[in-house]
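Reader: I would like to learn how to read strands and a ligand site. Can we work through an example?

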Amino acid sequence: MKLIFEKSSPGRIGFAVPKTRLSPKKTFVPRESIRPSLGLAEVSEVDVVRHYTKLSTQNYGIDSGFYPLGSCTMKHNPRMNEETAAMDGFAQTHPLQPVELSQGNLELLFALEKILCEICGMKRFSLQPAAGAQGELTGLMIAKAYFKKIGQHRPKVLVTDSSHGTNPASATVCGFEAVEVKSDSRGNVDLEDLKSKASEEVAVLMLTNPNTLGLFDENILEVTRIVHEKGGLVYCDGANMNAIAGKTRPAEAGFDIIHLNLHKTFSTPHGGGGPGAGPVGVVEKLAPFLPLPLVETKGDKFFFDFDRPDSIGKVKGFYGNFGVLVRAYTYIRAHGAEGIRKNSENAVLNANYLLSRLKKDFHLAYDRICMHEFVLSDKNFPNGVTTLDLAKRLLDYGVHAPTIYFPLIVPGAIMVEPTETESKQTLDEFAQVMLRILEEAKNTPEVVKNAPQNTPVGRLDAVKAAREPILRWKP
Ligand SMILES: *Cc1c(COP(=O)(O)O)cnc(C)c1O
């Protein structure tokens, strides 16, 4: 597709400033305000409208098709969420407005915190972190402050080998040494390895449950017990709450800290960098360390409580990504407790249905009933076809690729998360496309290796694109 600059034609304009009646040679704009040429494209209004309309159709999003991106929970965002987020009282308030004039907003924050506590079994939540990764950092800062307060020096954080890259990154950024714990042959935490590494030096074990293999840890109570026995805390990366919300509460499994990705489990359109929300919940003994302020009530009034001497302080400007919080609140209230539970059940059902359609033909990394996602691999692909080839070929069929090459413990991983919002028809279509590509890999492998052919751009050099990005047009 041509850039708008390449459509430029000298002298063509979109809008002409009217001449004044008194002095037809002059425009309304005073001479000193007229800027020298900015070198913008010279195009008409219709050129602009067509250009950007066409551009908007080059994108792929959850609103255009199936988006089985594992771990990311690309579920449909109900339009009711957008209605409420756009209500004047929410959209037009300023975060510096006096609290007397934003009581409704504070009430929403207060109520959302209570609901998240109920879903996770935690004592308190901070809604401030802007995303899961920031939630992780916040959670670890809380752990650090806690151990400082009780006078213990614990320099290590354990992360599992199936963890999201943000886990070891957050630990490192927070000044801990990240130590890896292995998974066993069923995809659970390897208890022997955990026992050998859990010590009084360990501040936190970070664990995703269900993990990024889409498997619920069968020994979760034993895992948290081992860490607690040494005085450590257990952190739940709650990115996969979409499988268990309403079914089980992480605090009851022994987790002390959790972040939720509201933009995953509780809808909100995301991708391309946000916005998101990564609230952090903690058990009672850690509540004093949460970021400030928290919303409290006195009588029928809501207020921000800044008087929290042990708090780690603020982690974000103002009070979080408010629009995302409104969407999550709407989503939860619209579904109710029963609906949230059903969504989790259907997410797991959809994933298992898809898995059962694919596992005869694709290599399944861990052969268990899965939760809301599962991980295939390219182990049995014929003719040197790889996971990357499959992902690119899917684009030709108009499907967004699954997450690939993650988790790292499965070589050539293909991580599929259908979510509960997809119909059986959509799942069947996807399964058919996957199987067709496998046929192509057998019979006409070049077609798969040279994919995509039907997309606006072909196969990109991803490394070059990341290292030498060209972000602006130059004449
Ligand atoms: C998405 C995700 C994260 C990071 O969350 P962001 O909101 O993208 O920052 C961390 N862990 C897991 C397992 C995830 O899926």
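Reader: In which sense do β5 and strand β6 pair, and over how many bridges?

Author: This is a predicted model. In it, β5 and β6 (residues 257-260) pair in the parallel sense over 4 bridges. One pair to look at is Cys-236, whose bridge partner in β6 is Ile-258.

Reader: Which residues of β5 are buried on one side and on the other?

Author: Start with the general idea: in a regular strand the side chains alternate between the two faces of the sheet. In β5, Leu-233, Tyr-235 and Asp-237 are on one side, Val-234, Cys-236 and Gly-238 are on the other, and all are buried. The count for the strand, residues 233-238, is 6 of 6 buried.

Reader: Over how many bridges do strand β4 and β5 pair?

Author: β4 (residues 202-208) pairs with β5 in the parallel sense over 5 bridges. Thr-208 has Asp-237 of β5 as its bridge partner. With helix α8 (residues 220-229), these two strands make a right-handed β-α-β unit.

Reader: Which residues come nearest to the ligand?

Author: Asp-237 appears again here: with Ser-71, Gly-132, His-263 and Lys-264, Asp-237 comes nearest of the 13 residues around the ligand. A polar side-chain atom of Asp-237 lies 2.6 Å from a nitrogen atom of the ligand. For Asn-261, a side-chain N or O atom is 2.9 Å from an oxygen atom of the ligand. The protein covers 87% of the 380 Å² of accessible area that the ligand has on its own.

Reader: How do the residues of the shell divide?

Author: The shell has 3 nonpolar, 7 polar and 3 charged residues. Its largest share, 3 residues, comes from α5.

Note on methods. Residues are numbered from 1 along each chain as its sequence is written. This is a predicted model: local features need pLDDT of at least 70, side-chain atom pairs count only at pLDDT 80 or more; totals for chains, interfaces and linings use all residues. Side-chain values use heavy atoms; hydrogens and water are left out. A residue is near a molecule or strand if one of its heavy atoms lies within 4 Å of it. A polar contact is a pair of N or O atoms within 3.5 Å; within protein, one must be able to donate a hydrogen and the other to accept it, and residues adjacent in sequence count only if both atoms are side-chain atoms. Accessible areas come from the Shrake-Rupley method with a 1.4 Å probe; for residues, only the protein chains shown count as cover. Ala, Val, Leu, Ile, Met, Phe, Trp, Tyr, Cys and Pro count as nonpolar, Asp, Glu, Lys and Arg as charged, and the others, Gly among them, as polar. Buried means under 20% relative accessible area, exposed over 50%, partly exposed in between (1.4 Å probe, protein chains only). Two strands pair if DSSP finds at least two bridges between them. A crossover is right-handed if, with the strands pointing away from the viewer, the path from the first strand over the helix to the second runs clockwise.
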